[in-house]
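Visitor: I should like to learn how to read the local features of a protein model. Please take me through them one by one.

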Amino acid sequence: MLSNLPEEVLYQILSNLDYKSLSRLSQVCRTIHQFVNRDAVWRKIAKELLNTGITRHGRDIYPHVPLKERVKMSQNWYNGVCKIAITLKWKIKLLPWLQLDGDALFLSQAAEIGAYHLRQDRGGRHTRNLVAVFSGHRGDVCRFTLTDSHLISGGSDGKILVHNRRGHGRVELLGHNQEVNCLDARGGLIVSGSRDRTARIWTSSSTVPRDTVALYDRVWSVAISPALSSFVTGTACCENFSPLRVWDVESCECVSSLGEEFRRGAGVLDMVFETPHQLYTCGYDTYIRLWDLRLSPRKCVMEWEEPHDSALYCLQTDGNHMIASGSSYYGVVRLWDKRQSKCLKYFQLTTDRVSSPVYCLRFSSSHLYAAIATALHALDFRRNAQDLLC
């Protein structure tokens with residue numbers, strides 16, 4: 001009788017069920033099983049769970065992965081069930097940075113950036129294969145970012161290199177006279193920040209800065225708004241000013257300063273725009289903060305405190321309810337549910353004798369990758385992972 005109902009009615013009925021009830025219902029018969037496996041059936045449930053790929057505005061980040069499987073993996077993320085492995089190791093201590101783009105992982109090691117293809121072997125294990133190397137800096141790579149066609153890196157030599165991801169060509173951007181600590185790129189626009197106390201704006205058609213913003217302190221982090229109308233700089237906070245400033249892209253004038261009670265040394269190490277108006281920041285003062293640029297700039301909308309008073313080096317959000325952060329001691333990765341004030345789960349990647357910050361982390365629907373001083377760790381949250389409560 002149920003399978004004879006019109007699809008619109010079935011969708012309405014199933015929208016009132018939780019994920020456990022849907023899983024049981026899918027075992028009734030083959031017809032119901034095929035219907036329940038559709039992404040549209042799971043979409044409402046997925047939007048309320050962690051890291052399912054459905055953003056708060058309904059966009060699907062991982063359309064190639066069945067939504068039912070992502071809902072299953074979401075339970076592992078929430079409960080901290082994963083398998084931890086070291087994917088890469090190196091002998092000397094580095095300050096690595098990484099980016100994910102589908103099945104490709106990009107990792108900086110000293111003056112080079114390696115591109116690795118991630119795939120599953122027959123045993124279901126996640127393996128990696130080096131497919132490209134991007135080089136050209138005379139010093140270590142400090143930060144890099146990806147666009148659809150280019151990899152853009154900033155180094156301790158003060159140079160910015162724009163590498164063609166599909167070829168061997170690269171363009172050199174000169175302007176900073178000290179190390180480039182941070183950069184971001186969107187829509188043909190590049191913003192960089194340096195130890196030389198400047199932020200510079202570049203366009204894809206020029207090798208010299210379009211504009212230069214003089215700041216009072218070293219710039220540790222930058223982020224361009226998805227609307228391309230503004231960008232934010234985060235400084236070391238060594239002076240009695242807010243380390244967070246919002247700048248107009250066209251005029252390069254300061255639109256506002258965020259916050260008003262930062263203690264000295266509370267530098268901002270990482271930031272990410274989730275929407276054109278919502279910005280997440282973290283740094284030396286142990287807090288993750290959410291700012292809404294439409295509201296009063298004096299106070300953040302929400303904040304989450306690192307419980308062990310550790311600086312926060314990096315963060316990423318799933319576009320909905322989850323935040324992942326990397327701490328300065330013992331390689332600690334924390335998962336946060338934005339709807340709760342306390343940390344949801346944590347994973348310690350180094351021992352008490354060997355401590356390292358998590359310099360960068362990135363995650364997909366199934367894996368979280370964390371780069372520390374001497375290794376790249378992979379946390380596997382797939383359903384067939386070993387049932388290890390971390």
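**Reading the model**

Guide: Let us begin with a single residue: Asp309 has a relative accessible area of 56% and is therefore exposed. Please keep in mind that the model is predicted.

Visitor: Where is Asp309 found, and what is its phi?

Guide: Most residues other than glycine have a negative phi. Asp309, however, has a positive phi, near 55°. This residue is found in the loop between S21 and strand S22 (312-317).

Visitor: Which value does phi of Thr286 take, and is Thr286 buried or exposed?

Guide: Thr286 is a residue other than glycine with a positive phi, near 75°. Its place is the loop between strand S19 (278-283) and S20. Thr286 counts as buried because its relative accessibility is 3%, whereas Asp309 is exposed.

Visitor: How should I read the sheet that contains S19, S20 and S21?

Guide: Strands of a sheet pair through backbone hydrogen bonds, either parallel or antiparallel. Here 4 strands form an open sheet with antiparallel pairing, and the order is S18-S19-S20-S21. Strand S18 (268-273) and strand S21 (302-305) are the edge strands, each pairing on one side only. On average, neighbouring strands of this sheet are turned by 15° against each other, direction ignored.

Visitor: Over how many bridges do S20 and S21 pair, and which residue of S21 stands opposite Ile288?

Guide: Strand S20 (residues 287-292) pairs with S21 in the antiparallel sense over 4 bridges. The residue of S21 opposite Ile288 is Trp304.

Visitor: What is the strand order in the sheet that contains S1?

Guide: The order is S1-S28-S27-S26, in an open sheet of 4 strands with antiparallel pairing. Its edge strands, each pairing on one side only, are strand S1 (83-89) and strand S26 (360-363). Neighbouring strands of this sheet are turned by 20° against each other on average, direction ignored. Between S26 and strand S27 (residues 367-371) there are 4 bridges in the antiparallel sense, and Leu361 stands opposite Ala370 in S27.

Visitor: How many residues of S8 are buried?

Guide: In strand S8 (residues 160-164), 4 of the 5 residues are buried, so the strand is largely enclosed by the rest of the structure.

Visitor: With which strands does S8 pair?

Guide: Strand S7 (residues 150-155) pairs with S8 in the antiparallel sense over 5 bridges. S8 also pairs with strand S9 (residues 170-173), again in the antiparallel sense, over 4 bridges. His163 of S8 is the bridge partner of Leu151, and in S9 the bridge partner of His163 is Arg170.

Visitor: How many residues lie between the strands of each hairpin?

Guide: The hairpin of S7 and S8 has 4 residues between the strands, and Gly158 in this hairpin takes a positive phi near 85°. The hairpin of S8 and S9 has 5 residues between its strands.

Visitor: How does one describe the packing of two helices?

Guide: Two packed helices are described by the angle between their axes and the distance between the axes. Helix H4 (residues 39-47) packs against helix H5 (residues 67-79) at an angle of about 30°, and their axes are 8 Å apart. Since angles under 35 degrees count as roughly parallel, H4 and H5 are roughly parallel to each other. H4 contributes Asp39, Trp42, Arg43, Ile45 and Ala46 to the contact, and H5 contributes Leu67, Lys68, Arg70 and Val71. Of the residues in this contact, 5 are nonpolar, none is polar and 4 are charged.

Visitor: What span should H5 have, and which of its residues are buried?

Guide: At 1.5 Å a residue, the 13 residues of H5 should span 18 Å, and the distance of 19 Å between its end C-alpha atoms agrees with this. The buried residues of H5 include Leu67, Met73 and Trp77. Gly80 follows H5 and has a positive phi, near 75°.

Visitor: Where is Ala236 found, and which residues does it touch?

Guide: Ala236 is found in the loop between strand S15 (230-235) and strand S16 (244-248). Ala236 counts as buried because its relative accessibility is 5%. Not counting residues up to four places away in sequence, Ala236 touches Asp217, Arg218, Trp220, Gly265, Ala266 and Gly267. Ala236 and Gly175 are 61 residues apart in sequence, and their C-alpha atoms are 21 Å apart in space.

Definitions and conventions: Residues are numbered from 1 along each chain as its sequence is written. This is a predicted model: local features need pLDDT of at least 70, side-chain atom pairs count only at pLDDT 80 or more; totals for chains, interfaces and linings use all residues. Side-chain values use heavy atoms; hydrogens and water are left out. Axes are lines fitted to C-alpha atoms, for helices over the stretch in contact, and angles run from 0 to 180 degrees between N-to-C directions. Helices (H or I, at least four residues) and strands (E, at least two) are DSSP runs, numbered from the N terminus. Angles under 35 degrees count as roughly parallel, over 145 as roughly antiparallel, 65 to 115 as roughly perpendicular and the rest as oblique. Contact means heavy atoms within 4.5 Å. Ala, Val, Leu, Ile, Met, Phe, Trp, Tyr, Cys and Pro count as nonpolar, Asp, Glu, Lys and Arg as charged, and the others, Gly among them, as polar. The expected span of a helix is 1.5 Å times one less than its number of residues. Buried means under 20% relative accessible area, exposed over 50%, partly exposed in between (1.4 Å probe, protein chains only). Two strands pair if DSSP finds at least two bridges between them.
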